[in-house]
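I opened a fresh notebook page for this chain today. Here is what I looked up, in the order I went.

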Amino acid sequence: MPKSYFDNCFETDLKPRFQFNTIEAMAKRYCKLSISKKWAAHRQSLWTRFYDPSQTRDKIISNVPVGVDPTQWAHFVNYRLKPETMERCRKNRENRSKQVIPHTGGSKPLSRKRHEMFLETGQQPSRGKLYIETHKKKDGSFVNDAAKNIVEQIEVGLTQSNIDESQISPNDVVDRVFGPEHSGRVRSMGMGAAPTNTFRNNGVRISNLRNSSTSVAEPSSNFWQEKYMNLESQVQNNMAAFKAYIIMKEGKIPDQVADILGFSNPSDIASEPNSPLIARGSCGGSNI
């Protein structure tokens, strides 16, 4: 999907109809992934319904589904019948068969499940509690023994945890049980979540800032003030070194350079004493 086309659809069709309680970049990422997932499922359903291995390629192409452009259908059939595509599909089927812990969430997004749990308890559910709820059957039993074993570890971790598990953190119980997250997803967070956009504010631990007050926030202000002062000092030092270099090369600061850089008195600058940069000139008087 062309980026310009998606951006236009997001602005004209999605934003007026939905409320996104996050930044726009996250909302756009979620919508794009959701559309891709639904489109992939739709293509797979078409292929399952209209593909017959006993028929020839031309016969399958001629059997165009209702509402599908014939040219696009022909390209799609040719793509699905490529040897590399068929091999990729075989590997995907094999990988899906190795999934030993299915979930019971169905097609309901985890964000909706999280909101329903919030309405029931009045508290934001942790990733651990969300994992437990999405791996239980209606009768309260677990989907299999592997899921039961993991849930038992999560429950023990929740009782022993000394941090606020409702805060999404790479140090919560889910991370301690499963290990570090994959670069492209965050467990129990649903589609669109990745470490880069979910844990971006955890350079300083969120759990340590949870109960922050004005007295705790003051060091942060001093920290940024010190950073600014250091940066300003670096700029001034660099400008001094730059002026010394020009004087070494030209003997003075040209008027044009003085006007551009805002030097108020070029003659005074030109008469400044030699700097360490000038003192390090070669003995032969060469500036090279």
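Before sorting residues, I fixed my terms: buried means under 20% relative accessible area, exposed over 50%, and partly exposed in between. I also reminded myself that this is a predicted model.

Entry, helix 1. I looked up residues 3-14 and found F6, C9, F10 and L14 buried. Looking down the axis of helix 1, I saw its buried residues fall within an arc of 100°, so they line one face of the helix. I then turned to the face pointing away from that buried side, and noted S4 and Y5 there as exposed residues. What covers the buried residues of helix 1? I found that the cover includes helix 2, residues 24-50.

Entry, a surface patch. Y5 came up again here: together with M1 and I35 it makes a nonpolar surface patch of about 320 Å². I placed I35 in helix 2. Is I35 buried or exposed? Neither, I wrote: I35 counts as partly exposed because its relative accessibility is 34%, and the partly exposed class runs between 20% and 50%.

Entry, the whole chain. I counted 15 helices and zero strands in the protein chain. Of its 288 residues, 24% count as buried. For the accessible surface of the protein chain I noted about 20300 Å², with 53% of that belonging to carbon and sulfur atoms. Last, I checked contacts between residues at least 6 apart in sequence: 47% of them join residues at least 24 apart.

Conventions. Residues numbered from 1 in each chain as written. Predicted model: local features only at pLDDT ≥ 70, side-chain atom pairs only at ≥ 80, totals over all residues. Heavy atoms only, no water. Buried < 20%, exposed > 50% of the residue type's maximum accessible area, 1.4 Å probe, protein only. Helix = DSSP H or I, 4+ residues; strand = E, 2+ residues; numbered from the N terminus. Arc of directions from axis to C-beta. Contact = heavy atoms within 4.5 Å. Areas by Shrake-Rupley, 256 points an atom, 1.4 Å probe, with all protein chains shown as cover. Patch = residues over 30% accessible without salt bridge, like charges linked within 9 Å, V, L, I, M, F, W, Y side chains within 5 Å. Salt bridge = Lys/Arg side-chain N within 4 Å of Asp/Glu carboxyl O.
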